[in-house]
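Notebook open, viewer loaded. I wanted to go through the strands, a helix and a pocket, and jot down what turned up.

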Amino acid sequence: MGSVTSEQAELFAFRDGMQPTDIAVFFVRSTVPPTNGCAAHPGGRPGAAVAAGATRWTLGHEVGHVLGLDHVDNNDQLMTGNGTGRITNPPPDLLPSEGATMDQSALTIDI
């Protein structure tokens, strides 16, 4: 999702031992511009970055993006586009349709 900076390309090269369908999550000090996280990743290197100041919901939100979810305009939902710090009714909601989208992702495997 989104365009990838040279720093992101460099970061996402650190996938030693990971399979092409493994989702890498990098915990970083900060992002530029400053956000809680970012799911932009190079093709064939699925993953996300989560900033040190992120909320407890950011990891799930960013992995949701990697699995195909878009932002919504509802602060009760995990995929709010208003920032996970603005979630108003924790735990945030995940709609059945969003669950179905994640299940259908090529990155989701049955275990």
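Before anything else, the cut-off I need: a residue is buried if its relative accessible area is under 20%. Also for the record, this is a predicted model.

**Entry 1, strand β1.** I looked up which way the side chains of β1 (24–28) point. Ala 24, Phe 26 and Val 28 point to one face and are buried. Val 25 and Phe 27 point to the other face and are not buried. That fits the textbook picture, in which side chains of a regular strand alternate between the two faces of the sheet. Then I checked the partner: β1 runs parallel to β3, and five bridges join the two. Opposite Phe 27 I found Val 50, in β3.

**Entry 2, helix α2.** Which residues of α2 (58–66) are buried? I got Thr 58, His 61, Glu 62, Gly 64, His 65 and Val 66. As a reminder to myself, an α-helix has 3.6 residues a turn, so residues three or four places apart point the same way. Next I asked what the buried residues of α2 pack against. The list came back as β2 (37–38), β3 (47–51) and α3 (96–104). After the helix comes Gly 68, and its phi is positive, near 110°.

**Entry 3, His 65.** I singled out His 65, which sits in α2. Its relative accessible area is 7%, so it counts as buried. I also pulled a C-alpha distance: His 65 and Arg 15 are 50 residues apart along the chain, and their C-alpha atoms are separated by 19 Å.

**Entry 4, Thr 31.** This one is in the loop between β1 and β2. Why does Thr 31 count as buried? Because its relative accessibility is 14%, and the cut-off is under 20%. Its side chain has two polar contacts worth writing down. A polar side-chain atom of Thr 31 lies 2.8 Å from the backbone oxygen of Pro 33. The Thr 31 side chain also reaches the backbone nitrogen of Thr 35, at 2.9 Å.

**Entry 5, the largest pocket.** Thr 31 came up again here. The largest pocket holds about 620 Å³ of space. I listed 27 lining residues, with Gln 8, Thr 31, Thr 35, Gly 37 and Cys 38 lying nearest the centre. The elements that give two or more residues to this lining are α1 (6–11), β2 and α2. Of these, α2 gives the most, with four residues. By type, I noted nine nonpolar, 16 polar and two charged residues in the lining.

Definitions and conventions: Residues are numbered from 1 along each chain as its sequence is written. This is a predicted model: local features need pLDDT of at least 70, side-chain atom pairs count only at pLDDT 80 or more; totals for chains, interfaces and linings use all residues. Side-chain values use heavy atoms; hydrogens and water are left out. Buried means under 20% relative accessible area, exposed over 50%, partly exposed in between (1.4 Å probe, protein chains only). Contact means heavy atoms within 4.5 Å. A polar contact is a pair of N or O atoms within 3.5 Å; within protein, one must be able to donate a hydrogen and the other to accept it, and residues adjacent in sequence count only if both atoms are side-chain atoms. On a 1 Å grid over the protein atoms alone, a cavity is a set of points where a 1.4 Å probe fits but cannot get out, and a pocket is an open set with protein on both sides within 12 Å along at least five of seven lines; lining residues have an atom within 4 Å of a point. Grid points are joined across faces, edges and corners, and a volume is the space filled by probe spheres set on the points. Ala, Val, Leu, Ile, Met, Phe, Trp, Tyr, Cys and Pro count as nonpolar, Asp, Glu, Lys and Arg as charged, and the others, Gly among them, as polar. Two strands pair if DSSP finds at least two bridges between them.
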